[in-house]
Amino acid sequence: MNASAHRGTPAILIMAKEPRPGTVKTRLHPLLGPLRCAELQAGLIRHTMELTTAHTPRTYLAYASADGGDTIGTAAPAGVRMLLQRGKDLGQRLAAAVIDAFTDGAGPLLVIGTDAPTLTGDHLTAAFTALESHDVVLGPALDGGYYLIGLRAPHTSLFGLGSDVWSTDRVLTATLGVTRREGLSVELLCPLRDLDTPEDATALLSDPALPAPIGALIQPVEAP
C-alpha cells in the first residue's frame, strides 16, 4: 500500500560534497586539475542553492565534509538548513537526509545533487506538480542515474540499492524496479546531463542552457 502524502512545507534537499581539492570532480582532473575542480564544486553548490531558494519555501543542504568535520567549506544563504550526511554509502546517506528533512516538517520533498547545471526552476516546478498526483518523481540523467528524486512521503526503500549499483548506469532502472515492487506511482521528467567527465564538459559548453558562471569554470585549462 502506498504511504500517504506528507503534508508539510514543500522543500528541496541538496546533497553535496565539500569543495576540497583532490576529493571532488576527480574524473574532471585531466581537464581542469584538482584546484579548479574544487572551485567548480563550490560554484555548483552556490548555483544550486541560489536556484532552490528562489523556487521553494525551504532548502536543506546535506553536506559531506572531506575530513569528517562539520563545515561545508562554502557559504550558504541565510535560511538554508544545514544537515551533516550520515551513512557508509550514498544510499544510506540519502535515506538519513530524507528522514531528517521529513522529521523537520518538510514535504513534499525534492532531492537533488549539484551535478546537473542545466536544471532550472521550470524543472523544479514540474517535479512539485507531478507529486500532486504521484508518489515519486524522477529526473533521469543521461548517464543512467537520476538528477532529481521527488517524494510525497519518506520512501527510504528507494535508496536501498546495492553498493554495486550506486554510481553506475543502472541506478535509474534499479530505482524504477523498487517503485514497481512497492506499488508506488512514478512520473519521469525530461533527461538532463550530469557534469562528471571531460565529455560532459564539452557537451555542456555547447548547451545554451548552461549558466555562464559554470561555463567559465569548465573551460579547459591551457598547459603552461
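## Close-up views of the predicted model

**View 1. Arg58 and its partner Asp104.** Arg58 counts as buried, with a relative accessibility of 13%; buried here means under 20% relative accessible area, exposed means over 50%, and partly exposed lies in between (1.4 Å probe, protein chains only). You are looking at a predicted model, in which local features need pLDDT of at least 70 and side-chain atom pairs count only at pLDDT 80 or more, while totals for chains, interfaces and linings use all residues. Residues are numbered from 1 along each chain as its sequence is written, and side-chain values use heavy atoms, with hydrogens and water left out. The side chain of Arg58 meets that of Asp104 in a salt bridge, at 3.6 Å from N to O. Arg58 belongs to strand S2 (residues 58-64) and Asp104 to the loop between helix H3 (90-103) and strand S4 (106-112), so this pair ties together parts that are 46 residues apart in sequence. A salt bridge is a side-chain nitrogen of Lys or Arg within 4 Å of a carboxyl oxygen of Asp or Glu. Helices (H or I, at least four residues) and strands (E, at least two) are DSSP runs, numbered from the N terminus. Unlike a buried residue, Asp104 is partly exposed, at 35% relative accessible area.

**View 2. More charged pairs to look for.** How many salt bridges does the structure hold? There are nine. One of them joins the side chains of Arg20 and Glu18, at 3.2 Å from N to O. Glu18 is buried, with a relative accessible area of 8%, whereas Arg20 is partly exposed at 32%. Another pairs Arg193 with Asp200, whose closest N and O atoms are 3.0 Å apart. Asp200 counts as buried at 11% relative accessibility, and Arg193 is partly exposed with a relative accessible area of 28%. Elsewhere, Lys25, Arg27, Asp115 and Asp196 are joined into one network by salt bridges that share partners.

**View 3. The two faces of helix H6.** Asp200 appears again here, as one of the buried residues of helix H6 (residues 198-205), together with Ala201 and Leu204. Viewed down the axis of H6, these buried residues fall within an arc of 100 degrees, so they line one face of the helix; the arc is that of the directions from the helix axis to the C-beta atoms. Glu199 and Thr202, on the other side of H6, are exposed. The buried residues of H6 pack against helix H1 (29-32).

**View 4. Leu13 in the largest nonpolar core.** This core has 30 residues, of which Leu13, Leu109, Tyr146, Ile149 and Phe159 touch the most other members. At least two residues each are supplied by strand S1 (9-17), S2, H3, S4, strand S5 (136-140), strand S6 (146-151) and helix H5 (171-182). H3 gives the largest share, six residues. A nonpolar core is a set of buried Ala, Val, Leu, Ile, Met, Phe, Trp, Tyr and Cys residues joined through side-chain atoms within 4.5 Å. Zoom in on Leu13 and you will find that, leaving aside residues up to four places away in sequence, its contacts include Tyr60, Ala62, Leu83, Ala97, Val98 and Leu109; contact means heavy atoms within 4.5 Å. A second, separate core has 22 residues, among them Leu51, Leu110, Tyr147 and Leu192.

**View 5. Gly22 in its loop.** Gly22 lies in the loop between S1 and H1 and is partly exposed, with a relative accessible area of 42%. Not counting residues up to four places away in sequence, Gly22 touches His29 and Pro34. The C-alpha atoms of Gly22 and Phe159 are separated by 27 Å, and the two residues are 137 apart along the chain.

**View 6. Two cysteines.** Cys37 counts as buried, at 0% relative accessibility, and Cys190 counts as partly exposed, at 38%. How many disulfides are there? The count is zero, taking a disulfide as a pair of cysteine sulfur atoms within 2.5 Å.

**View 7. Stepping back to the whole chain.** The protein has seven helices and seven strands, and from the N terminus on they run β-α-α-β-β-α-β-α-β-β-α-β-α-α. Of its 224 residues, 50% count as buried. The C-alpha atoms fill a box of roughly 60 × 35 × 30 Å along the principal axes.
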